[in-house]
Amino acid sequence: MLSFNNLELVLGGKTLFDDVSLTIHHHQKVGLIGANGTGKTSLFKVIKKEIEVDQSSVSYPNDLRISYLAQEVPASDEIALQYVLSGDYRLLEIQHEIELAEKEEKFEILAELYETYSALDGYSAKSKAEQLIVGLGFKSEDFNKPLKDFSGGWRVRLNLAKTLMQPSDLMLLDEPTNHLDLDAILWLSNWIKSFPGALILISHDRDFLDDCVSFIAHLYHQSIELYSGNFTQFEILRATKLAEIQSNYVKQQKEVAHMQSFINRFKAKATKARQAQSRVKALEKMELIAPAHIDSPFNFTISETEKISNPLISLSDSSLGYNTPILSMVNLSIAPGDRIGLLGPNGAGKSTLIKSIVGSISLIDGQREAGTNFKVGYFSQHQVDDLDLSISAFTHIQRLDETKTEKQIRTYLGGFNFKGDKVKDSIHLFSGGEKARLAFAIISYQKPNILLMDEPTNHLDMEMRHALTIALQTFRGAILLISHDRHLLNSSVDHFYLVDNGRVDIFNGDLNDYKNYILDIKSSDIKETKKKVKSSKDNKDDNSKLIKSLNIEISKLEKRLLRLNAKLDKANLKLADPDLYKDDSSDNLQDLIRNQLELSNEVELADQEWMDKVTDLESLS
């Protein structure tokens, strides 16, 4: 279906691809991975012909339908539902042609257009669009809001729904989980499983890749190597391959020993609880994949203070929020060593809970008691925006401890891959991922005894996510973590709390249980939306179109039946002529009998089709 043949690409003087050959077949779902800057997004642009290359190096059928997820969606007055529906551009073309034919009363053309409209599932298009919107976290009351009423992140969600709405043979998704919460990610992975076409997916979320793809295309050293299997299987295969390289053997063994030490430590703590067992499995998988990351530039730890209090922090009968409570009757106590993951949809109050624990917002009611030695390391969703952009990474650390030498600070920042001149560069030159790394460096340097982390993987690539996972696993203090990265949650926390419907409650289960819980809720929401749509004005408009289409088709069938019956009457009259049955006219007789039989069959079929259409019309009236 899609082939790259000796592809070469040089951009800005940098060679991205050198003699790359690769074929992607129909229905294959491929994860495209590689370090930042290796050319993942550029490859998408090559496929979409936005970057010119030798024509013979990229080939696919001219009629191949390609859908692509754009990241930017401008604010406008266009209605959300109409915007998503516009993804099916062919259906919109047919609707426009129907409107013109109706104005000009071209009924013969109309009948054909309505048949095409029905073949394209036009009558279910609105319902499909609404299901996509609900699945991605919107409410039914959002359907008729203009795009300008939504934030940039929610407009990206609408653009994702528009992309999913578009009929395609090949779907290109570049970081589709950006701006999605865990609930929406779980729904999206389930949707992708049922997508019948081919998929190329760029993502830094390894569990999402595991759910969605069965092949991995690894961009490495200006080449692309295709592996069969999901991301976890790729890591194991790559680890095995690297293990065969003698020069890496010693470093690999050190990494494996390091992984084994904390696996043993946490296994000793594990109970028979399902979530604890899930954690053990995640840690065992980490041991298998460790060698695949031996060439990672990131290697850091988060040190904890030796002073602790028990409990570190507690909330009693608390109401949390700003002017009005978002969460009520919250009772939560965090002890040293607790590792808690927060689950729940966007807007339910997870960030509010963390801010209340930090103390950045006051309780509306209840009590907050912090231990004497409560020392928090807080990573907020907007942590990178709170950095002083006018100074360097070096100055940020120096301000925390002016007794450290330049060599000591450089050594410390080197673990976060800030090396050479980068250490003294102004922060405003940093990428989002580099700013996030500096934020971790600042938090780690202060030696907290509790980490409160709100979506820490935003802006992070695969290798930095892996380094963060290791850092959280080896951190001995308490952790309260919000993340849409299931691998990070599975590998770092021991139990979950569900934040939803104004409450904070223990969630008795693991992430697989939570996935089933979310998909059940989404299914119920979609069913409820369908009920509302049935009685809506838009549905009446669709019924009106369908009634009009059926009337036209019935009229067309009635005219056809008149013509066929007239021909059949003529054939019957000829067959009633006695002269026809003389010996010398046997050939003509056979032709007339055959013609009469064919006409009778056509009349019978047309009559049955007419009856079916009339029945359909009566059911809508």
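Are F231 and F234 buried or exposed? I looked this up in the predicted model, and both F231 and F234 are buried.

**Entry: the F231–F234 pair**

I located both residues in helix α9, which spans residues 231–243. F231 and F234 stand three residues apart there, about one turn of the helix. I then examined their rings, which form a tilted aromatic pair with 5.6 Å centre to centre and 45° between the planes.

**Entry: other aromatic rings**

I counted aromatic pairs and arrived at 14. Among them I noted Y117 and Y123, whose rings meet edge-to-face, at 4.9 Å centre to centre and 80° between the planes. I checked the accessibility of each partner. Y117 has a relative accessible area of 1% and is therefore buried, the limit being under 20%. Y123 is at 22% relative accessibility, so I recorded Y123 as partly exposed. I also traced a cluster in which ring pairs link F138, F150 and W154.

**Entry: packing of α5 and α6**

I turned to helix α5 (residues 125–135) and helix α6 (residues 152–165), which pack at an angle of about 140° with their axes 9 Å apart. Because angles count as roughly antiparallel when over 145 degrees, I entered α5 as oblique to α6. I found the crossing of α5 and α6 to be right-handed. Which residues make the contact? From α5 I listed A125, K128, A129, L132 and I133, and from α6 L158, A161, L164 and M165. Sorted by class, the contact of α5 with α6 holds eight nonpolar residues, one charged residue and no polar residues.

Conventions:
Residues numbered from 1 in each chain as written. Predicted model: local features only at pLDDT ≥ 70, side-chain atom pairs only at ≥ 80, totals over all residues. Heavy atoms only, no water. Axes fitted to C-alpha atoms, helices over the stretch in contact; angles between N-to-C directions. Helix = DSSP H or I, 4+ residues; strand = E, 2+ residues; numbered from the N terminus. Parallel < 35°, antiparallel > 145°, perpendicular 65-115°, else oblique. Left-handed = near helix turned anticlockwise from the far one by under 90°. Contact = heavy atoms within 4.5 Å. Nonpolar A, V, L, I, M, F, W, Y, C, P; charged D, E, K, R; others polar. Phe/Tyr/Trp six-rings, centres within 6.5 Å; stacked < 30°, edge-to-face > 60°. Buried < 20%, exposed > 50% of the residue type's maximum accessible area, 1.4 Å probe, protein only.
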